Amino acid sequence: MSGPLQLTFVTSAVDAKTLPNSPAEVAVVGRSNVGKSSLINALANHKQLARVSKTPGRTQLINLFSMPNGSTLVDLPGYGYAEAPVAVVAKWQALLKQYMAGRQTLRRAFVLIDTRHGVKDVDEEILTLLDKSAVTFQVVMTKADKVNAATREANIAQVQAALKKHPAAYPEIVLTSSEKGEGIESLRAIIAGLE
Ligand code: GDP
């Protein structure tokens, strides 16, 4: 049992140029509203560490959290909000590219996928970008409590099939519910193991 991740908020940044370096880091990415803030809060067992968004697509900041051993969790802004203007999407992709390019100490990116929806086209773009950047990524499926068993199984299969096409994908998926706590302990252990 690894217990809650001891995440301490360090700083927010508007772009990746000014981010402090750390000996090891993991990044968390996903579509706006996928449940990223809720997941970070659940990992830390802290209700308001990362702000749960009232308006999808509002947060456009990179948030950094440190862990006791000196490694960092990087919370990247949500992408692909349906109503985001093209310019916002382009800005987001530029930010991600800039971030990926400079992170030698990045151990793994966790890509969040909503269990209700599976991998969408916009997620595919990000997965391809991670392949190109040679960043190992692992899919974390969120909001597992929101679907019935049949939809869950179908969408897990859809994600697994999608991952087969991505050389940088770690094959094992983590299924989570921040609401019910499912999978949270497993994900904590994975992150702790990467430190
Ligand atoms: P973000 O935009 O990716 O940071 O997403 P948020 O964490 O703000 O979550 C978006 C919405 O989904 C909020 O209304 C959350 O309460 C809800 N949500 C997030 N995770 C879960 C979950 O595991 N189960 C359920 N039922 N709702 C969730």
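**Helix axes here are lines fitted to C-alpha atoms over the stretch in contact, and angles run from 0 to 180 degrees between N-to-C directions.** This applies to the first view; the model shown is predicted.

**View A. Helix H1 packs against helix H5.** H1 spans residues 36-44 and H5 spans residues 184-194. Their axes lie 10 Å apart and meet at an angle of about 80°. Angles of 65 to 115 degrees count as roughly perpendicular, so H1 is roughly perpendicular to H5.

**View B. Side by side, the residues of the H1 and H5 contact.** H1 contributes Leu39, Ala42 and Leu43. H5 contributes Ile184, Leu187, Arg188 and Ile191. By class, six of these contact residues are nonpolar, none is polar and one is charged.

**View C. The shell around the ligand.** The ligand has 15 residues around it. Lys36, Ser37, Ser38, Asp145 and Ser178 come nearest. The shell holds two nonpolar, seven polar and six charged residues.

**View D. Polar contacts to the ligand.** A backbone N or O atom of Gly35 sits 3.0 Å from a ligand oxygen atom. For Lys36, a backbone N or O atom lies 2.8 Å from an oxygen atom of the ligand. Asp145 uses its side chain: an N or O atom there is 2.7 Å from a ligand nitrogen atom. On its own, the ligand has 570 Å² of accessible area, and the protein covers 81% of that.

Conventions
Residues are numbered from 1 along each chain as its sequence is written. This is a predicted model: local features need pLDDT of at least 70, side-chain atom pairs count only at pLDDT 80 or more; totals for chains, interfaces and linings use all residues. Side-chain values use heavy atoms; hydrogens and water are left out. A residue is near a molecule or strand if one of its heavy atoms lies within 4 Å of it. A polar contact is a pair of N or O atoms within 3.5 Å; within protein, one must be able to donate a hydrogen and the other to accept it, and residues adjacent in sequence count only if both atoms are side-chain atoms. Accessible areas come from the Shrake-Rupley method with a 1.4 Å probe; for residues, only the protein chains shown count as cover. Ala, Val, Leu, Ile, Met, Phe, Trp, Tyr, Cys and Pro count as nonpolar, Asp, Glu, Lys and Arg as charged, and the others, Gly among them, as polar. Helices (H or I, at least four residues) and strands (E, at least two) are DSSP runs, numbered from the N terminus. Angles under 35 degrees count as roughly parallel, over 145 as roughly antiparallel, 65 to 115 as roughly perpendicular and the rest as oblique. Contact means heavy atoms within 4.5 Å.
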